Amino acid sequence: MKRRKTIRAGRLVYDIAYTVPRPNATKQERGRIREVTAEQIARTNCNTAQRKLELLMAANFEPGDLLISPTYRDDDLPGSVDITRRRLVRDGVIERKGDNGHKAVPGGGRPERA
C-alpha cells in the first residue's frame, strides 16, 4: 500500500510517496529489510539531515532577506549578543522592529573608512 506525504516550508514543497510496511510480512521479507549496510544507513542519515536543513532554511528565509554575520577579532569581541544588537541599532545597520526582532536597513551602517 502506498502513502503520500506533503511537506511545505516557505516556497518549498516536498511531495513524497512511500510504501507502508505490511504487518503480515513474511520472515524472508523482514530479513531483506534487515540486510542494510552501515554505508546505506550513513548515506540515508546524511540525506535526511540535508533535507531537514533545507526545509528549515526555506521556512525561515525568503528571497530578498538580508543576513548579517558579524565577525570580530578576539580582542574586539563584544560581551554578549545583546551588546552587538544594540551597536547595530545605534550604527543604523538594523532598526528596531518591535519586541520580537529587528529589521535590516538597506545601505545602513557607518560609511567605510578610506
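**Hairpin, salt bridges and surface features of the predicted model**

Directly after helix 3, Gly92 adopts a positive phi of about 85°. The structure described here is a predicted model. Helix 3 spans residues 81-90, and the N-terminal end of this helix is capped by Ser80. In this cap, a side-chain oxygen of Ser80 lies 3.4 Å from the backbone nitrogen of Asp82.

A salt bridge is also present in this part of the chain, between Arg90 and Asp91. The closest N and O atoms of Arg90 and Asp91 are 3.1 Å apart. Arg90 has a relative accessibility of 55% and therefore counts as exposed. For Asp91 the corresponding value is 22%, so that Asp91 counts as partly exposed.

A search of the whole structure identifies four salt bridges. One of them joins the side chains of Arg4 and Asp15, with an N to O distance of 2.4 Å. This pair links distant parts of the chain, since Arg4 belongs to strand 1 (residues 2-9) and Asp15 to strand 2 (residues 12-19), eleven residues apart. Arg4 is exposed, because its relative accessible area is 65%, a value over the 50% cut-off. Asp15, by contrast, is partly exposed, with a relative accessible area of 42%. A further salt bridge is formed by the side chains of Arg73 and Asp76, at 2.5 Å from N to O. Arg73 counts as exposed at 61% relative accessibility, whereas Asp76 counts as partly exposed at 36%.

The two strands linked by Arg4 and Asp15 also pair through the backbone. Strand 1 and strand 2 run antiparallel and are joined by eight bridges. Together they form a hairpin with two residues between the strands. Gly10, located in the turn, has a positive phi of about 65°.

Within this hairpin, Arg3 has Tyr18 of strand 2 as its bridge partner. Although Tyr18 and Arg3 are 15 residues apart in sequence, their C-alpha atoms are 5.4 Å apart in space. When neighbours within four places in sequence are set aside, Tyr18 is in contact with Met1, Lys2, Arg3 and Lys5. Tyr18 counts as partly exposed because its relative accessibility is 36%, which falls between the limits of 20% for buried and 50% for exposed residues.

Ile16 is likewise located in strand 2. Its C-alpha atom is separated by 5.6 Å from that of Arg4, a residue twelve places away along the chain. Apart from residues up to four places away in sequence, Ile16 touches Arg3, Arg4, Lys5 and Ile7. With a relative accessible area of 30%, Ile16 is partly exposed. Arg3 and Lys5 thus appear among the contacts of Tyr18 and among those of Ile16.

A nonpolar patch was also identified on the surface. Leu53, Leu56, Met57, Phe61 and Leu67 make up this patch, which covers about 550 Å². Leu53 lies in helix 2, which comprises residues 38-60. The relative accessible area of Leu53 is 48%, so this residue is partly exposed. In an α-helix there are 3.6 residues a turn, so residues three or four places apart point the same way.

Note on methods:
Residues are numbered from 1 along each chain as its sequence is written. This is a predicted model: local features need pLDDT of at least 70, side-chain atom pairs count only at pLDDT 80 or more; totals for chains, interfaces and linings use all residues. Side-chain values use heavy atoms; hydrogens and water are left out. Helices (H or I, at least four residues) and strands (E, at least two) are DSSP runs, numbered from the N terminus. Buried means under 20% relative accessible area, exposed over 50%, partly exposed in between (1.4 Å probe, protein chains only). Two strands pair if DSSP finds at least two bridges between them. Contact means heavy atoms within 4.5 Å. A polar contact is a pair of N or O atoms within 3.5 Å; within protein, one must be able to donate a hydrogen and the other to accept it, and residues adjacent in sequence count only if both atoms are side-chain atoms. Patches are made of residues with over 30% relative accessible area and no salt bridge: like charges are joined within 9 Å, nonpolar side chains (Val, Leu, Ile, Met, Phe, Trp, Tyr) within 5 Å. Accessible areas come from the Shrake-Rupley method with a 1.4 Å probe; for residues, only the protein chains shown count as cover.
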